[in-house]
Amino acid sequence: MKILDNGICAIDSVKVSGYREGKYGVTIIYHENSTAVGVYTTNQVYAAPIDITRKHIANGNISAIIVNSGNANCYTKEDGIKKGLELAQLVADSLNIPVEDVAVASTGVIGRQMPMEILKPVAEKSLSQLDNNRESANNAADAILTTDTVRKECAVEHKLNDGTVFKVAGICKGSGMIAPNMGTMLGFITTDLKVPQECLQEALNKSIKKSFNMVVVDGDESTNDTVLLLSTNDVEGEIDDNFQEALDYVCTSLAKQIARDGEGADKFMEVIASGAKTEDDAISLSKSIVSSSLVKTALAGADPNWGRIISAMGYSGVEFDPENVSISIGNRDKDVVIVDKGFVTTYDKPELLEEAENIMKEKTVIIKVDVHDGNYNATAYGCDLTCEYVHINADYTT
């Protein structure tokens, strides 16, 4: 697999744009007659654009996506639907496509009506800049950001077993309100490989489970989560597992970028749970640890308090023998084993706690737990919880 440098514009036939004025931005993604599938928030309070997009994507075909930042268009009732469709119609008229072929996504403050007098001119400006180049890819990735501090993108080239070369590329936004059951975010992924709608949906569901659904920043699930996957149908080949591998890579890369850019975050945390009886058990264990406010604050303070880790495992809902657990704190090069099958190593070697503390001062910390009860494993992604997170969210609407 080859990592590509040109973001979502790695797919040659896709045109994108992005433009913003202040906190309001609009991104457009355009490829006529794309096969499309989506996954959305499981929050029962969901935004108007999700209603619109679900209907427009039901036949498996769209030509464009319009995404706005600065306003979530959520809890806006009939006016929210009307204004979301206004933006879709603006795109449809500009590109000469049916309004039903336009998907809509929004991110920003909940419970406020869309300021169309601001957003429509921003959308028109964005539409006028549609292109396929590095600058367009940058603009598209930037215009959807809210409290994010960096753009998030990934693109790869891969081969099917029959030798067919294809690409997968995507952008996303996400920094706060990040929880499992769709790791709260907007994501837009494209591929030039021709994939039937049912297969495309199955592939996206599998990737979501191991990527965006494994990200936790603060445990709050958004009302606007949307991930859309588009196939331009430019390349034909015998679909095999290599497509899933490329899609998984892009989704996991984007998920990690969200975790690294968590609101106020200073450190990235990877939690690997292994030795579980089932995959669901491994997922629950890793998510429980990465979601723990006490683990996250310990990470912020570089405190190797493994008691918080095993406590989070204990309330995960997974049955395991606490006397047969192993826990380590490490980085890419080294693991410091704190608990070895129930034996606390630091009783005899207190210097191990100092080693673990030094590792926890680094920007990337890897926590591994093993319940020695089976062959399943899972990895969750998160970040530390800092005072800056409180400041950002205390002042979010003022």
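The exercises below work through helix packing, buried residues and polar contacts in a predicted model.

Local features are taken at pLDDT of at least 70 and side-chain atom pairs at pLDDT 80 or more, whereas totals for chains, interfaces and linings use all residues of this predicted model. Residues are numbered from 1 along each chain as its sequence is written, and side-chain values use heavy atoms, with hydrogens and water left out.

**Exercise 1. Describe how helix α5 packs against helix α6, giving the angle, the handedness and the residues in contact.**

Step 1: locate the helices. Helix α5 covers residues 197–210 and helix α6 covers residues 241–260, where helices (H or I, at least four residues) and strands (E, at least two) are DSSP runs numbered from the N terminus.

Step 2: take the geometry. The two axes come within 9 Å and cross at roughly 45°; axes are lines fitted to C-alpha atoms, for helices over the stretch in contact, and angles run from 0 to 180 degrees between N-to-C directions. That angle makes α5 oblique to α6, given that angles under 35 degrees count as roughly parallel, over 145 as roughly antiparallel, 65 to 115 as roughly perpendicular and the rest as oblique.

Step 3: assign the hand. The crossing of α5 and α6 is right-handed, a term used if the near helix is turned clockwise from the far one by less than a right angle, with anticlockwise giving left-handed.

Step 4: list the contact. From α5, L200, A203, L204, K206, S207 and K210 meet F243, Q244, L247, D248, C251 and T252 of α6, contact meaning heavy atoms within 4.5 Å. These residues divide into six nonpolar, three polar and three charged, where Ala, Val, Leu, Ile, Met, Phe, Trp, Tyr, Cys and Pro count as nonpolar, Asp, Glu, Lys and Arg as charged, and the others, Gly among them, as polar.

**Exercise 2. Carry out the analysis for helices α7 and α9, and state how the residues of their contact divide by character.**

Step 1: the geometry. Helix α7 (residues 279–291) and helix α9 (residues 306–314) pack at an angle of about 130°, with their axes 8 Å apart. The two helices are therefore oblique to each other, and their crossing is right-handed.

Step 2: the contact. L285, S288 and I289 of α7 meet I309, A312 and M313 of α9. The residues of this contact comprise five nonpolar and one polar, with no charged residue.

**Exercise 3. Determine which residues of helix α4 are buried, what covers them, and which residue caps the N-terminal end.**

Step 1: burial. In α4 (residues 134–143), S136, A137, N138, A140, A141 and A143 are buried, that is, under 20% relative accessible area, with exposed meaning over 50% and partly exposed the range in between (1.4 Å probe, protein chains only).

Step 2: the cover. The elements over these buried residues include β2 (15–21), β3 (24–40), β4 (61–71), β6 (152–159) and β7 (165–173).

Step 3: the cap. N133 caps the N-terminal end of α4, with a side-chain oxygen 3.2 Å from the backbone nitrogen of E135.

**Exercise 4. Characterise the surroundings of S326.**

Step 1: place and exposure. S326 belongs to strand β11 (residues 326–330), and its relative accessibility of 13% is why S326 counts as buried.

Step 2: polar contacts. The S326 side chain reaches the backbone nitrogen of K341 at 2.9 Å and makes a polar contact with the side chain of H372 (2.9 Å). A polar contact is a pair of N or O atoms within 3.5 Å; within protein, one must be able to donate a hydrogen and the other to accept it, and residues adjacent in sequence count only if both atoms are side-chain atoms.

Step 3: neighbours. Not counting residues up to four places away in sequence, S326 touches V339, D340, K341, K368, V369, D370 and H372.

**Exercise 5. Compare the settings of H158 and E245, whose side chains are joined by a polar contact.**

Step 1: H158. This residue lies in strand β6 and is buried, with a relative accessible area of 13%. Beyond four places in sequence, H158 touches M1, T164, V165, F166, N242, E245 and A246.

Step 2: E245. This residue is found in helix α6 and, at 40% relative accessibility, counts as partly exposed. Leaving aside neighbours within four places in sequence, E245 is in contact with M1 and H158.

Step 3: the link. The polar contact between the side chains of E245 and H158 spans 3.0 Å.

**Exercise 6. Are N73 and K77, two non-glycine residues with positive phi, buried or exposed?**

Step 1: N73. With a phi of about 50°, N73 sits in the loop between β4 and α2 (77–95), and at 1% relative accessibility N73 counts as buried.

Step 2: K77. With a phi of about 55°, K77 has its place in helix α2, and at 58% relative accessibility K77 counts as exposed.
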